[in-house]
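Subject: Structure for you to look through

Hello,

Here is the structure I promised to pass on to you. Please open it beside this message and follow along as you read.

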Amino acid sequence: MDDNEQAADVASELLELYGYQTAVAYGGAQGLQAAEVFAPDVILLDLGMPGMDGFQVAAALRARPDLRDVAIVAFSAWGDKGTRQRTHAAGFNDHLTKPASLDEIVTTIAACHA
């Protein structure tokens, strides 16, 4: 989930080249709906989205019995120590700082999916 549509689309296309099935959402509420339908194993979640930010989305995912075990990876330009502590405390499985290399993204997804 990312409010930057181009970034979300590019990430999705690149991950599909690695054999991953993807679904793209451009905001928190849309992402929650997509997660219900798609039932993902891993979600790359931007933190700084308008309306419903990544922390609110993560809390909503963790509150749902059918989605609480999905791996959530913060994928944000915010990579400072304080933000990393917040994502950890909020139940994120990992934290990638943009721009992350494709290798970093794939390695993180594989580790969460294992």
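Two strands are said to pair if DSSP finds at least two bridges between them, and with that in mind you can look at S76, whose bridge partner in β3 is T97. Please remember throughout that this is a predicted model.

The sheet

That bridge belongs to an open sheet of three strands, which are arranged in the order β1-β2-β3 and pair in the parallel sense. The strands β1 and β3 (94-97) stand at the edges and have a single partner strand each, so one side of each is left without a neighbour in the sheet. From one strand to the next, the twist averages 20°. Four bridges join β1 to β2, and in this pairing L44 has V73 of β2 as its bridge partner. On the other side, β2 and β3 are also joined in parallel, over four bridges.

The strand β2 deserves a careful look, since six of its six residues are buried, so this strand is largely enclosed by the rest of the structure. If you turn the model, you will find that both of its faces are covered, with A71, V73 and F75 buried on one side and I72, A74 and S76 buried on the other.

Helix α3 and its surroundings

Helix α3 spans residues 54-63, and within it G54, F55, V57, A58, L61 and R62 are buried. Where do these buried residues fall when α3 is seen down its axis? They fall within an arc of 160°, so they line one face of the helix. The elements against which the buried residues of α3 pack are α2 (28-38), β1 (42-45), β2 (71-76) and α4 (81-89). As for its direction, α3 lies across β1 and β2 and runs at about 160° to β1. The N-terminal end of α3 is capped by D53, which has a side-chain oxygen 3.0 Å from the backbone nitrogen of F55.

F55 is also part of the one aromatic pair that a search of the whole structure finds. The centres of the rings of F55 and F92 are 5.9 Å apart and their planes stand at 70°, and since planes over 60 degrees apart count as edge-to-face, this pair is an edge-to-face one. F55 belongs to helix α3, whereas F92 is in the loop between α4 and β3, so the pair ties together parts that are 37 residues apart in sequence. Are these two residues buried or exposed? Buried means under 20% relative accessible area, so F55, with 11%, is buried, and F92, with 5%, counts as buried too.

A further contact of F55 leads to helix α4, where T83 is found. Leaving aside neighbours within four places in sequence, T83 is in contact with L47, F55, W78 and H95, and with a relative accessibility of 9% T83 counts as buried.

The loop after β3

K98 lies in the loop between β3 and α5, and at 25% relative accessibility K98 counts as partly exposed. When residues up to four places away in sequence are not counted, K98 touches D2, D46, F75, S76 and A77. With D2 there is a polar contact of 2.5 Å between the side chains. K98 and F75 are 23 residues apart in sequence, and in space they are 6.5 Å apart, C-alpha to C-alpha. You may also want to check the peptide bond from K98 to P99, which is cis, with omega near -5°; P99 is likewise found in the loop between β3 and α5 (102-113).

Two single residues

In the loop between α2 and β1 you will come across A39, which has a positive phi of about 50° although this residue is not a glycine. At 51% relative accessibility A39 counts as exposed, because the term applies over 50%.

Lastly, S12 lies in helix α1, which covers residues 5-17, and is buried, with a relative accessible area of 10%. Which residues does S12 contact, leaving aside its neighbours within four places in sequence? They are T22 and V24.

With best wishes

How values were computed. Residues are numbered from 1 along each chain as its sequence is written. This is a predicted model: local features need pLDDT of at least 70, side-chain atom pairs count only at pLDDT 80 or more; totals for chains, interfaces and linings use all residues. Side-chain values use heavy atoms; hydrogens and water are left out. Buried means under 20% relative accessible area, exposed over 50%, partly exposed in between (1.4 Å probe, protein chains only). Helices (H or I, at least four residues) and strands (E, at least two) are DSSP runs, numbered from the N terminus. The arc is that of the directions from the helix axis to the C-beta atoms. Contact means heavy atoms within 4.5 Å. A polar contact is a pair of N or O atoms within 3.5 Å; within protein, one must be able to donate a hydrogen and the other to accept it, and residues adjacent in sequence count only if both atoms are side-chain atoms. Axes are lines fitted to C-alpha atoms, for helices over the stretch in contact, and angles run from 0 to 180 degrees between N-to-C directions. Rings of Phe, Tyr and Trp (its six-membered ring) pair if their centres lie within 6.5 Å; planes under 30 degrees apart count as stacked, over 60 as edge-to-face and the rest as tilted.
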